[in-house]
Amino acid sequence: MSVHKEVKRVTVHVLHAMKARGEKITMLTGYDYSMARILDSAGIDVILVGDSASNVMAGHETTLPITLDEMIYHASSVVRAVKRALIVVDLPFGSYQGSSRVALESAIRIMKESGAHAVKMEGGKEIEDSIKRILSAGIPVMGHLGLTPQSIYKFGTYQVRAKKEEEAERLKKDAKLLQKLGCFAIVLEKIPAALTKEVSEYLTIPTIGIGGGMYADGQVLVTHDMLGITKDFHPRFLRRYVELFDVIKGAVEQYCEDVKNKNFPNENEQY
Ligand code: KIV
């Protein structure tokens with residue numbers, strides 16, 4: 001008899017139970033098979049196949065250029081690696097704002113072609129119809145309010161959002177609406193901690209903060225930022241757990257030196 005240890009998958013219901021018992025939710029971004037394996041084996045609850053792939057994987061300045069096909073490629077690589085985490089995929093810019101029908105078609109493509117478990121969409125009232133239509137097809141939706149990088153050209157900067165009363169009120173209304181529509185969680189990006197606290201206490205669905213302070217029900221960071229692979233990005237909210245850029249650079253420099261000096265390969269490293 002094989003002693004096969006079943007891994008219990010994280011589902012949207014598990015996340016709700018975590019909020020109910022006050023257990024914080026961990027989320028990081030993942031875009032490829034190898035990194036997703038590491039994140040999953042470390043016990044991360046949610047992997048976000050973020051459209052930040054546009055920045056950290058493809059080198060674009062914003063998240064706008066990444067396509068639906070590219071997101072599906074990244075998501076299916078992550079799906080092949082992961083046994084436990086819930087996998088959420090960003091609907092990229094242009095794949096859901098046009099009409100609710102286009103939005104549904106995009107979400108269906110992600111679910112069918114990648115095997116991921118949910119989609120994430122930026123915005124509130126203005127994308128209500130698209131969210132409704134996707135949810136009615138049985139696809140779980142994570143919302144995203146506050147700093148929504150797909151609207152960067154409207155905002156003009158990446159500064160903290162909803163500091164003024166009017167924008168904070170709009171965000172609170174949008175958060176309530178997303179919960180009412182049936183979203184299973186909401187990312188709150190770069191807003192004041194007091195506003196995150198108020199929204200998180202009001203909502204029964206979990207909030208996941210990035211630059212939203214300590215009161216969110218969970219936290220998300222871009223993996224390449226928290227591992228120090230990206231170099232010139234130092235917002236206050238970012239904690240770097242390791243400086244991998246320097247670690248990898250050092251290893252590559254050593255390899256180059258060894259090859260040039262004929263120290264690699266040695267006798268034991270050949271056939
Ligand atoms: O694309 C992304 O990485 C995100 C996070 C910043 C939440 O949306």
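Me: How many disulfides does the structure hold?

Reply: This is a predicted model, and the structure holds 0 disulfides. The general idea is that a disulfide is recognised as a pair of cysteine sulfur atoms within 2.5 Å. Two cysteines can still be read for their surroundings: Cys183 is buried, with a relative accessible area of 2%, whereas Cys256 is partly exposed, its relative accessible area being 37%.

Me: Which residues are around the ligand, and how many of them are nonpolar, polar or charged?

Reply: For a bound molecule, one begins with the list of neighbours and then sorts that list by class. Around the ligand in this model are Thr29, Leu48, Gly50, Asp51, Ser52, Asp90, Lys120, His144, Glu189, Ile210 and Val222. Sorted by class, the shell has 3 nonpolar, 4 polar and 4 charged residues.

Me: Which side chains have a polar atom at a short listed distance from an oxygen atom of the ligand, and what are those distances?

Reply: Here one looks for pairs of N or O atoms within 3.5 Å, the cut-off for a polar contact. In the side chain of Ser52, an N or O atom is 2.5 Å from an oxygen atom of the ligand, and for the side chain of Asp90 the corresponding separation is 3.1 Å. Lys120 also takes part, with a polar side-chain atom that lies 2.9 Å from an oxygen atom of the ligand. As for cover, the ligand on its own has 260 Å² of accessible area, and the protein covers 95% of it.

Me: His144 is among the residues around the ligand; where does His144 lie, and is it buried or exposed?

Reply: A residue can be placed by its element, by its accessibility and by its distance to a residue elsewhere in the chain. His144 belongs to strand E5, which spans residues 141-146, and it counts as buried because its relative accessibility is 4%, below the 20% cut-off. Its C-alpha is 8.0 Å from that of Gly124, although the two residues are 20 apart in sequence.

Me: Which residues of helix H2 are buried, and which are exposed on the other side?

Reply: The general idea is that an α-helix has 3.6 residues a turn, so residues three or four places apart point the same way. In helix H2, which runs over residues 33-41, the buried residues are Met35, Ala36, Leu39 and Asp40. Viewed down the axis of H2, these buried residues fall within an arc of 135°, so they line one face of the helix. On the other side of H2, the exposed residues are Ile38 and Ser41.

Me: What do Ile72 and Glu61 show about position and accessibility?

Reply: Here the element and the accessibility are read together, residue by residue. Ile72 lies in helix H4, residues 68-81, and is buried, with a relative accessible area of 6%. In sequence Ile72 and Lys112 are 40 residues apart, while in space their C-alpha atoms are 9.5 Å apart. Glu61, by contrast, lies in the loop between helix H3 (53-56) and H4, and at 72% relative accessibility it counts as exposed. The C-alpha atoms of Glu61 and Ser151 are separated by 13 Å, with their positions 90 residues apart along the chain.

Me: Which residues other than glycine have a positive phi, and which peptide bond is cis?

Reply: Backbone torsions are read residue by residue, with phi for the residue itself and omega for the peptide bond. Ala162 has a positive phi, near 55°, and lies in the loop between helix H7 (152-155) and helix H8 (165-181). At 3% relative accessibility, Ala162 counts as buried. Lys262 also has a positive phi, near 60°, but is found in the segment after H11, where at 72% relative accessibility it counts as exposed. As for the cis bond, it is the one from Phe264 to Pro265, with omega near -5°, and Pro265 lies in the segment after helix H11 (244-260).

Technical notes: Residues are numbered from 1 along each chain as its sequence is written. This is a predicted model: local features need pLDDT of at least 70, side-chain atom pairs count only at pLDDT 80 or more; totals for chains, interfaces and linings use all residues. Side-chain values use heavy atoms; hydrogens and water are left out. Buried means under 20% relative accessible area, exposed over 50%, partly exposed in between (1.4 Å probe, protein chains only). A residue is near a molecule or strand if one of its heavy atoms lies within 4 Å of it. A polar contact is a pair of N or O atoms within 3.5 Å; within protein, one must be able to donate a hydrogen and the other to accept it, and residues adjacent in sequence count only if both atoms are side-chain atoms. Accessible areas come from the Shrake-Rupley method with a 1.4 Å probe; for residues, only the protein chains shown count as cover. Ala, Val, Leu, Ile, Met, Phe, Trp, Tyr, Cys and Pro count as nonpolar, Asp, Glu, Lys and Arg as charged, and the others, Gly among them, as polar. Helices (H or I, at least four residues) and strands (E, at least two) are DSSP runs, numbered from the N terminus. The arc is that of the directions from the helix axis to the C-beta atoms.
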